[in-house]
Amino acid sequence: MNKNSFFDQTTFDDRTNNIKQSLNELSTSEGKHVYVIDGPLGENRYEYDYKDAIIVLIPNHKISFLNFGPQCEEFELYVDDVLDDLGSISDKYRYRQIIGRQRQWKNYAIYEANVDEDFLFEQFLEDTCLVDAREKRNTELLISLLTGSINDVNRVQSEIPDNVLDKIKQKIVLFDADQTRFIYQKASSKKVRIQGLSGTGKTELLLHKLKELYLDSDDTKIFFTCHNHVLAESLRQRIPSFFNFMRVDAQIEWQKRLWCSNAWGSRSTPSSGLYSYICDHYELTFRPYSDGMDFKRACKLALEELKLVNFDEYGYALDFTLIDESQDFSEDFFELCSLATRTNVYIAGDIFQDIFDTNLDGAVNPEFLLNKCYRTDPRTLMFAHAVGMGLFESQRLEWLKEDLWAACGYKILEDTDQIFSLSREPIRRFDDLDFSREPSVEISTVDTSNYQELAEKILQQIKQIKSENPTVIASDIGVIFVSTAKQSYPIADRLGILVQQELGWDVNKAYESKVKNEQALFISNKNNVKGLEFPFVICVTNQFSNSMSYRNSLYMVLTRSFMKTYFFLSDANEPLLVNQISEGLEHINKYGFMKLKPLRPGEIDAMKRNKEIGFSKHALSLEEVVYQLMDEEAIPELWRPNVSKAVIAIHSAGDSDSFVREEIRSSVIFVMSKQQGL
């Protein structure tokens, strides 16, 4: 059974079993989203007495009420009640301005039938199939309301767009079955793990889960956390706007019922981090950043203390904990959260980034595995994975076993001594749109050392995008540098001036603003793009590196686009490497799948050795590592010269070929705190 496509909220009933089995087979064979419900999901205030009917939801089909009891007035009243409530939900989210009142959509969007011995499933599908584009769009909007997949009505216009860019922008987003289960079903274990690729909607799902948990009780205590300071601040700002978008009436009681901050925090402000909050609640020893104390060790020591605490005296610190970007944490942190949390800890992470953990092999057993990326063209995702793992190169950096390829959403087409081929399923975002003849990624080699010339080439690419897509706006394009700050900032400065002078567009340098401005061209380094998407991405990188951090960054940046990525590679790279990557991309764009060379004897052992030293211990200089970490920790420009000088002095005395990245990170944070006098 394809769990990602078939969702059943109703209780088991012998009378409905055959229909559900047929619907399940339909979802599996055709990859269709199919939902079986008995009322609007996520709307607990609506209850219905009639129990002998189900509602079947299939995109491009009518909303179907199937009655398994006798023909009776109670069934008709049930249908009327659900439609009245659906109309109310439509008003709540302002859908009426697009789809109209119930009387305007009921005739084409609603189907009723009694299931008896004359009922034929194939005839049912034929009778409910929609053809008209407007009717299909409006019915999908109604399905989104019934499943809680609320879409921003401001994106959806009354007129059906006539170009690919606007069609994709206005495509109705529907949660798949696993996403829907995560939001609405009760957890079967205390720690609930959700893993997925970049673009599978993990953070969005956590926000929906947060809303459900917050509204379920008036005194629930919830902590939403992640490792990165910038991402934590972004989440904190996003929660109120998300609650407003979801029409949540309850007021957010910050620091009383809801906390959102990074994981560590400070001793003086317990609410500034989940670790500091737990230490304060249980009177544990708070261990701050220092040259000899990283977060993993701090959590391990806190966990040992917490296991000795009298819980009858202290009680639980929280009712629920939500953790984003779980690949940044250790198991000790998850266990610490679990002990301090009464009900559930929800742990969401990127499975592909977890693959770079040397201990992952065979350990992919999340409760919810999201292997369909709904943001990105499957061809772009394949290319990003290939670049991240070095799959096109002479010396691969990573290779997966069959179960991990499947966990990442791949299907093995062929596996012989000569050929290993992988494909991905198409996704709903591009249904009914034929632009597969256009490449999803284009590679260009550029001189990244000539800042002015590179800025002008990026500008020319923006102009080409603009000429090919007349409705494109500034914020549709993201220019992202996978380089250190001192290399990318001068180019960004020159590009910003050119864009303002020649296009009249505002420019948003996200490494300064830390936000996405919907009215400006987005320019950033790799550290401010998590959770963002653009129709078009221009990814600029200098010389290729074999470090884990660099390859992970490439993967993340390349997958920010949902139409096309323009990949600007430094011409300083080895011609063989550029040719290998270009040929691999050409095959993906032409045929829609990856064609790889099978593993060679001894190649796995070589990968393991490389992995132990971060793929390559010679990949980055100490100075480059320090600048990367200052980017990641959002160290202000004013402080960077002093911080980098001090950190380099601390670590340059050791063996330069054995940098320990997290030790350097601790030094960056420690020196910064000293600079600020903390």
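## Helix packing and aromatic contacts

In this predicted model, residues L86, I89 and S90 of helix α2 are in contact with L142, L145 and L146 of helix α6. Sorted by class, the residues in this contact between α2 and α6 comprise five that are nonpolar, one that is polar and none that is charged. Two packed helices are described by the angle between their axes and by the distance between those axes. Helix α2 spans residues 73–92 and helix α6 spans residues 133–147, and the two pack at an angle of about 95°, with their axes 10 Å apart. Because angles from 65 to 115 degrees count as roughly perpendicular, α2 is described as roughly perpendicular to α6.

Aromatic rings are a second topic, and the structure holds 37 aromatic pairs. Two of these pairs are set out in the table.

| Pair | Arrangement | Centre to centre | Angle between planes |
|---|---|---|---|
| F242 and F243 | tilted | 6.4 Å | 55° |
| W399 and W405 | edge-to-face | 5.8 Å | 85° |

Since buried means under 20% relative accessible area, F242 counts as buried at 6% relative accessibility, and F243 likewise counts as buried at 3%. W399 and W405 are both buried as well. Elsewhere in the sequence, one aromatic cluster is formed by W264, Y275, F286, F295, F329, F333 and F334.

Rings also meet charged side chains in this model: K209 lies over the face of F182, at 5.5 Å from the ring centre, while the charged end of R257 sits over the ring of Y214, 3.8 Å from the centre of that ring.

Technical notes. Residues numbered from 1 in each chain as written. Predicted model: local features only at pLDDT ≥ 70, side-chain atom pairs only at ≥ 80, totals over all residues. Heavy atoms only, no water. Axes fitted to C-alpha atoms, helices over the stretch in contact; angles between N-to-C directions. Helix = DSSP H or I, 4+ residues; strand = E, 2+ residues; numbered from the N terminus. Parallel < 35°, antiparallel > 145°, perpendicular 65-115°, else oblique. Contact = heavy atoms within 4.5 Å. Nonpolar A, V, L, I, M, F, W, Y, C, P; charged D, E, K, R; others polar. Phe/Tyr/Trp six-rings, centres within 6.5 Å; stacked < 30°, edge-to-face > 60°. Buried < 20%, exposed > 50% of the residue type's maximum accessible area, 1.4 Å probe, protein only. Lys NZ or Arg CZ within 6 Å of the ring centre and 35° of its normal.
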